[in-house]
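Here are some notes on the model, set out point by point. Please read them with the structure open.

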Amino acid sequence: MSQTVPQTSPADPEEKAPASSVSRRPLWVLLIPVGLLVATFFDRPSSITNLSVQVPRADQPVESEPFELPNINDRVTVRSRFSVPAKTFAKTFVFLSTELLDDKGVVQFQYDREGKSRSKNDGYLEFRPKKPGRFRLRFEVYLPRDQQAQPTQLTAPVVVNSVITKDPFDSGVLVYGFFASLIVSFLYLSQVYFRGSLQCSGWCGSQSEVSRATRGEYKSGLLRVRFFATFEHSGRWYANDCQAVSLEITNGLGRSIFQGTIPSRLTRDGEDSDTYTLRAEPQLFHLTRDSFLRFDVSLPSSLADIGPERLAIQICDEVTLPWTQAQTIRARLNP
């Protein structure tokens, strides 16, 4: 696939990136989302108490046994299920009022739920206590009615079963924090790795203009080269999707230090679009010392006659990798 001139140093199968171009330290940022993920798995609410209260008839409040809420920072969850007695051939509907009372009998909060017979009638409520202490739940059933919304009488007590749990962590916040920190971490790592210092970038009108734009001083270490080209062609283009772009790198004396081809792919921007884009696979080169270089790109022969609308090349030096991989580096450049 790739041919090199005698001055070129081809990539060895075992060649690795220079030590100065490999840094794992930025990966430590991943400890933040990992830590939140671990905390989410270990976040297990602890049960405080189970309560079972019978409300014998409507409009008669009944209080539960007292329970302790020792910490105002804990998230408290009250999960309740109540059964509504049913008539022989018709359903019964009621409203259940639930109040949280402190040790002085002061109502801390109150909420209502509708229930019907032959249904589970379960739900939950989450809150944080304003103060620690002993609390009670007070239940009251009101407005019992039949399917025609007419007042009716309860044939048996309404049984309310409640499970009260506390959780020192907010699992919802932990989950949101995990995803948010994970996104921020990947954004940060995307700016650190495989980017380096941008030395050349932009669109050009011809291949010679691309060559002139790439002339410059490049730092030793890893170079990253990317290439794009767009073509305008009306109708269906049956050119081969896989193409090969030729690349030649010369030093400041005009001596070629690399010649080879880069695998590329030609794609249509849309079903009804006349624009085709040629994208070359990003290439990494190991530059042994600071040098003045020029990059010459030649389009495949099958595309040369069409004439590109625009060409773009992007070159970054001092690229950093998270770890060393075999066959990552295309070639070692010895200017």
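Strands, at least two residues long, are DSSP runs of E, and they are numbered from the N terminus. The model is a predicted one.

1. E140 is found in strand β9, which covers residues 133–145. Its relative accessibility is 26%, so E140 counts as partly exposed. The C-alpha atoms of E140 and P61 are 4.4 Å apart in space, while the two residues are 79 apart in sequence.

2. Strand β17 takes in residues 275–280, and 5 of these 6 residues are buried, so the strand is largely enclosed by the rest of the structure. The cut-off behind this statement is a relative accessible area under 20%.

3. Which strands pair with β17? One is β14, residues 221–232, which pairs with β17 in the antiparallel sense over 5 bridges. Within this pairing, F231 has Y276 of β17 as its bridge partner. Another is β16, residues 256–268, also joined to β17 by 5 bridges and running antiparallel to it. Here the bridge partner of S264 is A280 of β17.

4. β16 and β17 form a hairpin, with 6 residues between the two strands. D274 lies in the loop that links them. With a relative accessible area of 35%, D274 is partly exposed, in contrast to the 5 buried residues of β17.

5. D274 also belongs to a patch of negative charge on the surface. The other members of the patch are E232, D269, E271, D272 and E309. A reader checking the β16–β17 loop may want to view D274 together with this patch.

6. Two residues other than glycine have a positive phi and deserve a look. For N121 the value is near 55°, and for F194 it is near 65°. N121 is placed in the loop between β7 (107–116) and β8 (122–127), whereas F194 lies in the loop between α2 (171–192) and β11 (197–200).

7. Are these two loop residues buried or exposed? N121 has a relative accessible area of 11% and is therefore buried. F194, at 37%, is partly exposed. The limits that matter here are under 20% for buried and over 50% for exposed, so the value for F194 falls in between.

Key: Residues numbered from 1 in each chain as written. Predicted model: local features only at pLDDT ≥ 70, side-chain atom pairs only at ≥ 80, totals over all residues. Heavy atoms only, no water. Buried < 20%, exposed > 50% of the residue type's maximum accessible area, 1.4 Å probe, protein only. Helix = DSSP H or I, 4+ residues; strand = E, 2+ residues; numbered from the N terminus. Pairing = 2+ DSSP bridges. Patch = residues over 30% accessible without salt bridge, like charges linked within 9 Å, V, L, I, M, F, W, Y side chains within 5 Å. Areas by Shrake-Rupley, 256 points an atom, 1.4 Å probe, with all protein chains shown as cover. Salt bridge = Lys/Arg side-chain N within 4 Å of Asp/Glu carboxyl O. Lys, Arg positive; Asp, Glu negative; His and termini not counted. Charge placed at Lys NZ, Arg CZ, Asp CG, Glu CD.
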